[in-house]
Amino acid sequence: LKCFNKENQLSNTLFQNNCLSGIFPLKIVLENYAFPGALIIGTDSHTPNGGGLGGLCIGVGGADAVDVMANLPWELKAPLVIGVHLTGKLSGWTSPKDIILKVAEILTVKGGTGAIVEYYGPGVESISCTGMATICNMGAEIGATTSIFPFNDRMLDYLRATNRADIGDLASKHKASLLTSDVNCKYDKIIEINLDTLEPHINGPFTPDLAHPISQIKVLILINICNVRLELYKLCMVSLK
């Protein structure tokens, strides 16, 4: 990258800041472009991670992006809105990714198709800004158009830590009127998740909506061992015949 930049007289700063500190597309969107209340159209599948900063960030195909760049209207079918109400708080080994893995179990890989997923409730306060970005980024696993969180103090802390305190202060002034869900708003579907009881999850194999709470893993391993032994027994019986 440094050689390419030097040959083309480009600055190394952006590449250095992002390549040395995390996943490249994630860092570019979250640390440079996303902000509370933003509407961002991007051609990268990681674009929705900007929802972790309260932006409506949607990944699109190249043709749609060209329309936007040419100042033409960007069109899509009016999405449904799925509300994920979070109560309690994360603790122990449970992490933000376990929230989206639980959502994937409930909605399946097709359940978010044609919908925007909005996370809200008191449980949001226990999730870091990068944790919220992780959840939004993984919305692709359920087919969601995008995902979003309401603006809160965790986002404000992140904006200050990434030298954007002025944006955070401006967002704070408009938090109640523009960056929080309307009182008594209606959702097309509501999912309830209690973070106090949410366990770490392992999803798969083969599909991300096949969820396994960590407490069930030992049982699953024993079942698989029994199945393997049964198959070996059948093979032995066939060989003896």
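In this predicted model, P36 is placed in the loop that links α3 (24-33) to β1. With a relative accessibility of 9%, P36 counts as buried, because the limit for that class is under 20%. Once its neighbours within four places in sequence are set aside, P36 is in contact with L53, G54, F151, L159, I167, A171 and L179. One of these, G54, stands 18 residues away from P36 in sequence, while their C-alpha atoms are 4.3 Å apart in space.

**The chain as a whole**

The protein chain contains 10 helices and eight strands, and 37% of its 241 residues count as buried. Among the contacts in the chain with a separation of 6 or more, 64% are made by residues that lie 24 or more positions apart. The chain exposes about 14,200 Å², and carbon and sulfur atoms supply 61% of that area.

**Strands β1 and β2**

The loop that holds P36 leads to β1, a strand of residues 39-42 whose side chains alternate between two faces. I40 and G42 point to one face and are buried, whereas L39 and I41 point to the other and are not. Strand β1 runs parallel to strand β2 (residues 56-59), and four bridges join the two. Within this pair, L39 has L56 of β2 standing opposite.

**The four-stranded sheet**

Strands pair in a sheet through backbone hydrogen bonds, in either a parallel or an antiparallel manner. An open sheet of four strands in this model has the order β5-β4-β3-β6, and its pairing is parallel. The edges are occupied by β5 (146-148) and β6 (189-194); each has a single partner strand, so one side of each is left without a neighbour in the sheet. On average, and with direction ignored, neighbouring strands of this sheet are turned by 20° against each other.

Strand β3 (residues 80-87) and β6 run parallel and are joined by six bridges, with I82 standing opposite K189 in β6. Strand β3 also holds H85, which is buried, with a relative accessible area of 19%. Apart from residues up to four places away in sequence, H85 touches Y120, G121, P122, I190, I191, E192 and I193. Helix α5 (residues 96-107) lies across β3, β4 (115-120) and β6, and runs at about 135° to β6.

**Helix packing around α7**

Helix α7 (residues 153-161) has two helix neighbours described here, and the axis geometry of each pair is set out below.

| Helix pair | Axes come within | Crossing angle (roughly) |
|---|---|---|
| α7 (residues 153-161) and α8 (residues 165-173) | 7 Å | 155° |
| α6 (residues 129-137) and α7 | 8 Å | 105° |

The crossing angle of the pair formed by α6 and α7 makes α6 roughly perpendicular to α7. In this contact, C129, T130 and M132 in α6 meet R154, M155 and Y158 in α7. By class, these residues are four nonpolar, one polar and one charged.

Helices α7 and α8, by contrast in orientation, are roughly antiparallel to each other, because their axes cross at roughly 155° and angles over 145 degrees fall in that class. Here L156, L159 and R160 in α7 meet A165, I167, G168, D169 and S172 in α8. The residues of this contact divide into four nonpolar, two polar and two charged. Both L159 and I167 also appear among the contacts of P36, which places that buried loop residue in contact with members of α7 and α8.

**Loop residues beside the sheet strands**

The loop between α9 (175-178) and β6 contains K186, which counts as exposed at 78% relative accessibility. K186 and V81 are separated by 105 residues in sequence, yet their C-alpha atoms are 8.6 Å apart in space. N184 lies in that loop between α9 and β6 as well, and is exposed, with a relative accessible area of 67%. Although N184 is not a glycine, its phi is positive, at about 60°.

A positive phi is also found at T108, which is likewise not a glycine and has a value of about 70°. T108 is located in the loop between α5 and β4. At 35% relative accessibility, T108 counts as partly exposed, since this value falls between the limits of 20% for buried and 50% for exposed.

Technical notes. Residues numbered from 1 in each chain as written. Predicted model: local features only at pLDDT ≥ 70, side-chain atom pairs only at ≥ 80, totals over all residues. Heavy atoms only, no water. Buried < 20%, exposed > 50% of the residue type's maximum accessible area, 1.4 Å probe, protein only. Contact = heavy atoms within 4.5 Å. Areas by Shrake-Rupley, 256 points an atom, 1.4 Å probe, with all protein chains shown as cover. Pairing = 2+ DSSP bridges. Axes fitted to C-alpha atoms, helices over the stretch in contact; angles between N-to-C directions. Parallel < 35°, antiparallel > 145°, perpendicular 65-115°, else oblique. Nonpolar A, V, L, I, M, F, W, Y, C, P; charged D, E, K, R; others polar.
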